[in-house]
Amino acid sequence: MHKTESSKRMAESKESVWWKEQIIYQIYPRSFNDANGDGIGDLRGIIEKLDYLKELGVDIIWICPIYQSPNDDNGYDISDYRAIHPDFGSLADLEHLISGLHDRGMKLIMDLVVNHTSDEHEFFKASQSSIDNPQRDYYIWKEPASDGGPPNNWMSFFGGSAWAYDKSSNEYYLHLFTKKQPDLNWENPKVRNEIYDIINFWLEKGIDGFRMDVIPLISKRTDYPDAHEDSFPKVIEKVYSNGPKVHDYIKEMVSKSIAHYDVLTVGEGPGISKEVALKYVGKDRGELNLIFHLDHMYLGQGKDGKYTPVPYTLTDVKRIFNEWDEAIGTDGWISIFMDNHDFPRMISRFGNDDEYRVECAKLFSMLILTLRGTTCIYQGSEIGMTNVAYESMDDYRDVETLNFYKEQKNLDISDQDFLMMAREHSRDNARTPMQWTSGKNAGFSESDKCWLDVNPNHNVINVEACKKDPNSILSFYKQMIKLRKNNNTFVYGQYEELSKGHDKLFIYKRWDNKQTYIVCLNLSQDVIDISDYITSNVTCMISNYKDDNTSQLKAWQAKLFRTI
Ligand code: TEU
Ligand code: CA
């Protein structure tokens with residue numbers, strides 16, 4: 001939708017900013033709903049569920065990549081940015097989805113993956129064809145180091161060197177992800193203009209914005225220094241992200257495309273620290289509206305990332321929420337989320353997905369819907385989906401998991417030991433098919449075989465069961481969403497934690513000149529007294545237990561009070 005700059009500014013100045021007030025729901029299309037019975041989710045499958053999403057109360061649907069791709073990284077390796085992968089359907093299906101959402105007053109944001117392409121993209125095929133090809137420097141090619149090896153010690157996000165050797169030219173090309181995902185050379189203005197054309201192509205289709213994949217990585221340190229940091233998250237921050245021209249590129253991208261539309265730009269921010277975040281999302285920067293920072297998500301990632309884990313606590317999670325709120329405040333904006341398609345299910349990772357699964361799922365809905373920032377709900381969280389305990393490494397499909405498995409095998413880690421790590425860390429935990437019913441393939445597909453096996457616990461955990469239960473997790477999400485949307489204090493109000501230093505409680509208040517709310521979360525199985533924190537008259541708005549006393553919290557209890 002075309003908007004002049006001044007009308008956009010006026011809207012924001014009236015403090016009614018749609019992308020702050022509305023709620024994002026992330027769909028991983030491969031795993032959401034399969035309409036044509038081939039075992040792979042698709043666009044028509046999403047269209048079938050638009051009323052479900054409307055009834056849930058979410059507003060902005062973010063769909064992960066659906067473009068033409070060899071699927072080395074499930075679509076994050078794009079070979080044609082203007083074509084829809086046939087597994088997902090057609091351009092007409094996408095246009096139908098856009099109109100279906102707009103008819104319901106909802107919006108669609110798509111995934112923009114422009115740090116890298118697939119190695120099967122025509123640009124890379126040309127670039128790789130010869131050193132003299134005009135598109136050679138669309139990508140990053142370097143001569144071998146003096147010992148003939150990779151130009152430096154950079155490691156891929158997915159294990160192994162970040163450089164792939166091309167024998168025909170005796171040069172290496174950079175791939176921060178898989179070797180089938182060569183990094184684009186943003187230094188080249190021809191590359192940048194190709195990308196702006198792609199962005200405008202989709203904006204002209206009427207989409208409402210983009211989630212920008214690994215956007216802080218697009219500007220490389222062109223001296224390609226060795227990395228010496230002691231953890232992979234630190235390597236991402238100090239060596240891969242926030243390069244010298246990243247803001248020039250984002251500003252140019254916005255000015256040549258985004259700025260002419262009233263659309264949402266949310267940057268995925270690996271490596272964006274709270275110290276530099278406002279350079280990306282400061283309200284007068286002319287860059288991005290908000291970011292998904294990953295500081296809490298990278299907790300526990302050691303020297304080589306998540307498969308070399310280090311300990312962390314829930315106090316670390318709280319600290320990160322507090323530090324980011326203080327750093328950003330209202331000078332910029334962030335999203336609040338605790339899982340997505342790249343990380344384990346939040347109630348399995350941060351909570352108890354067994355005895356207290358229902359209480360935990362409700363508690364985390366209250367957390368992500370009452371902190372300051374645009375809430376992003378990942379598909380399946382609204383029914384309390386959990387990690388999956390596959391029986392064998394053969395059941396996994398995620399390239400990150402399988403690459404690290406290869407790497408760990410070289411490090412002599414047994415299949416069984418790695419299987420335990422995959423059950424805890426694999427991205428496939430978040431990618432098991434959406435659980436609609438207790439029936440065949442959880443109602444996701446009529447196929448005899450799904451692209452990724454359904455979690456066996458769909459017999460109990462599914463939308464259909466939730467719909468029959470007024471006390472279900474789904475019902476609680478709907479109540480919480482309605483509560484947030486009816487009280488802008490949760491959007492624009494101030495934030496302060498009241499339980500700093502407590503290793504099990506997360507109690508914080510949200511307030512403005514109209515209301516004060518106190519959110520009380522017990523992130524443990526202990527019964528804990530909270531009377532010291534509730535010092536004024538309050539009324540309980542909602543709780544995940546059938547009690548509203550103000551003196552204690554039971555195991556994984558969440559209570560939302562309003563002062564009176
Ligand atoms: O993820 C980037 C990113 O930060 C992830 O690599 C994440 O840190 C890692 O997967 C955690 O295990 C984006 C996409 O969300 C991811 O699905 C893609 O694989 C990746 O970029 C490459 O496009
Ligand atoms: Ca399908």
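1. A helix crossing is right-handed if the near helix is turned clockwise from the far one by less than a right angle, and left-handed if anticlockwise. That term is needed for two helix pairs below. Note that the structure is a predicted model.

2. Start with α13 and α17. Helix α13 covers residues 357-370, and helix α17 covers residues 473-485. Their axes come within 10 Å. The crossing angle is roughly 15 degrees. Angles under 35 degrees count as roughly parallel, and α13 and α17 are therefore roughly parallel to each other. α13 passes α17 in a right-handed crossing.

3. Who makes that contact? On the α13 side stand Arg357, Val358, Ala361, Lys362, Ser365, Met366, Ile368, Leu369 and Thr370. From α17 come Ile473, Phe476, Tyr477, Met480, Ile481 and Arg484. By class, the residues of the contact of α13 with α17 split into 10 nonpolar, 2 polar and 3 charged.

4. The second pair is α7 and α9. Helix α7 runs over residues 189-203, and helix α9 over residues 246-255. Here too the axes come within 10 Å, but they cross at roughly 40 degrees. An angle from 35 up to 65 degrees falls in the oblique class, so α7 and α9 are oblique to each other. The crossing of α7 and α9 is right-handed.

5. The contact between α7 and α9 uses Arg192, Tyr196 and Ile199 of α7. Facing them are Tyr249, Glu252 and Met253 of α9. This contact of α7 with α9 holds 4 nonpolar and 2 charged residues, and no polar ones.

6. Now the metal site. Which residues coordinate the calcium ion (ligand 2)? They are Asp34 (OD), Asn36 (OD1), Asp38 (OD), Ile40 (O) and Asp42 (OD). The coordination distances are 2.2 to 2.3 Å. In sequence, the donor residues of this calcium ion are spaced D-x1-N-x1-D-x1-I-x1-D.

7. Ile40 deserves its own check. It coordinates the calcium ion (ligand 2) through O. Its relative accessible area is 12%. Buried means under 20%, so Ile40 is buried.

8. Is Leu452 buried or exposed? It is buried, because its relative accessibility is 0%. Leu452 sits in the loop between α15 (415-425) and α16 (463-467). Leaving aside neighbours within four places in sequence, Leu452 contacts Tyr390, Asp395, Arg397, Asp428, Arg431, Thr432 and Pro433. For scale, Glu424 is 28 residues from Leu452 in sequence, and their C-alpha atoms are 17 Å apart.

9. Lys504 is another loop residue to inspect. Its loop lies between β16 (494-497) and β17 (505-511). With a relative accessible area of 25%, Lys504 is partly exposed. The class follows because partly exposed covers values between under 20% (buried) and over 50% (exposed).

10. What does Lys504 touch, residues up to four places away in sequence not counted? The partners are Leu521, Asn522, Leu523, Ser524, Asp526 and Ile528. Take Asn522: it is 18 residues from Lys504 along the chain, and the C-alpha atoms are separated by 6.0 Å.

11. Last, Gln22. This residue is in the loop between α2 (18-21) and β1 (24-27). At 17% relative accessibility, Gln22 counts as buried. Neighbours within four places in sequence aside, Gln22 is in contact with Asp59, Ile60, Lys107 and Thr374.

Key:
Residues numbered from 1 in each chain as written. Chains lettered and ligands numbered in written order. Predicted model: local features only at pLDDT ≥ 70, side-chain atom pairs only at ≥ 80, totals over all residues. Heavy atoms only, no water. Axes fitted to C-alpha atoms, helices over the stretch in contact; angles between N-to-C directions. Helix = DSSP H or I, 4+ residues; strand = E, 2+ residues; numbered from the N terminus. Parallel < 35°, antiparallel > 145°, perpendicular 65-115°, else oblique. Contact = heavy atoms within 4.5 Å. Nonpolar A, V, L, I, M, F, W, Y, C, P; charged D, E, K, R; others polar. Donors = N, O, S within 2.8 Å, 3.2 Å for Na, K, Ca; no water. Buried < 20%, exposed > 50% of the residue type's maximum accessible area, 1.4 Å probe, protein only.
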